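Here are a few exercises for getting to know a new structure. Grab a pencil, keep the viewer open and work through them in order.

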Amino acid sequence: MARRVVVSPEVTALALLDRVDYVDAFAVPVPRGRRPEDLFRSALATAPHGLLSFVRLVQTGLGLRLAPTSAEHPLGWTILRSDDEAFILAAGGDAVAGRIVARVRAGEFELTTQLRLDTTRARVGWAIAAPCHRTVARYLLDRTARRAGATLR
């Protein structure tokens, strides 16, 4: 159900990183009126604990410094913005910086990942991790779409 989409010009215009070395975006249909933060948190709340632990392990292995997971730090990332338009998370480290942008537009929940990879080690690590990232992103979006649709019944 989740499909890869072109990164929206609105997300690009946010210029969240000084340089973007990797970007992807995926989208799934959701009922209108849902907030990006609520959908993102739903994705995490329904995800298997082991999967989220694996994601954090990979992220720290890439060099991201993450806070303990909490309401203020979903998956250990810092909330930069949360409103009806976007939910934006940030994480960084010595060799990598990342941004996650969750948006709802035209009846779709869109999740964009942006990375700045500052070292060869970070670039090689991401080349290995990227296929897994895309699979996990699609999986979480699919679960979120199913759950969002189920809440209307």
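Before you start, a word on sorting residues: Ala, Val, Leu, Ile, Met, Phe, Trp, Tyr, Cys and Pro count as nonpolar, Asp, Glu, Lys and Arg as charged, and the others, Gly among them, as polar. Also keep in mind that this is a predicted model.

**Exercise 1.** Work out what kind of residues line the largest pocket.

*Solution.* Start with the space itself: the volume of this largest pocket is about 460 Å³. Next, look at the lining, which has 27 residues, with V55, Q59, I100, H133 and V136 nearest the centre. Now sort the lining by type: you get 24 nonpolar, 3 polar and no charged residues. Finally, ask where they come from: α2, α3, β5, β6 and α4 each give at least two, and α4 gives the most, with 9 residues.

**Exercise 2.** Do the same sorting for the second largest pocket.

*Solution.* This pocket holds about 170 Å³ of space. Its lining includes R41, L44, H49 and R56. Sorted by type, the lining splits into 5 nonpolar, 4 polar and 2 charged residues. As for the source, α3 has the largest share, 4 residues.

**Exercise 3.** Decide whether helix α2 is largely enclosed or not, and follow one of its residues inwards.

*Solution.* First, the cut-off: a residue is buried when its relative accessible area is under 20%. Helix α2 covers residues 36-45, and 7 of its 10 residues are buried, so the rest of the structure largely encloses this helix. Among the buried ones are L39, F40 and L44. Pick F40: beyond its sequence neighbours up to four places away, F40 touches P74, F87, L89, I100, A102, F109 and L111. Then step back to the largest nonpolar core, which has 39 residues; F40 is among those with the most contacts inside it, together with V28, W77, F109, W126 and L141. Helix α4 gives the most to this core, with 10 residues.

**Exercise 4.** Trace the sheet from one edge to the other.

*Solution.* Walk across the 6 strands in the order β1-β2-β6-β5-β4-β3; the sheet is open and the pairing antiparallel. The ends of that walk, β1 (3-4) and β3 (78-82), are edge strands, each pairing on one side only. Zoom in on β3 and β4, which pair over 4 bridges. In one of them, I79 has L89 of β4 as its bridge partner.

**Exercise 5.** Is R143 buried, partly exposed or exposed?

*Solution.* Find R143 in helix α4. Its relative accessibility is 24%, so R143 counts as partly exposed. Setting aside neighbours within four places in sequence, R143 contacts T46, A47 and P48.

Technical notes:
Residues are numbered from 1 along each chain as its sequence is written. This is a predicted model: local features need pLDDT of at least 70, side-chain atom pairs count only at pLDDT 80 or more; totals for chains, interfaces and linings use all residues. Side-chain values use heavy atoms; hydrogens and water are left out. Buried means under 20% relative accessible area, exposed over 50%, partly exposed in between (1.4 Å probe, protein chains only). A nonpolar core is a set of buried Ala, Val, Leu, Ile, Met, Phe, Trp, Tyr and Cys residues joined through side-chain atoms within 4.5 Å. Contact means heavy atoms within 4.5 Å. Two strands pair if DSSP finds at least two bridges between them. On a 1 Å grid over the protein atoms alone, a cavity is a set of points where a 1.4 Å probe fits but cannot get out, and a pocket is an open set with protein on both sides within 12 Å along at least five of seven lines; lining residues have an atom within 4 Å of a point. Grid points are joined across faces, edges and corners, and a volume is the space filled by probe spheres set on the points.
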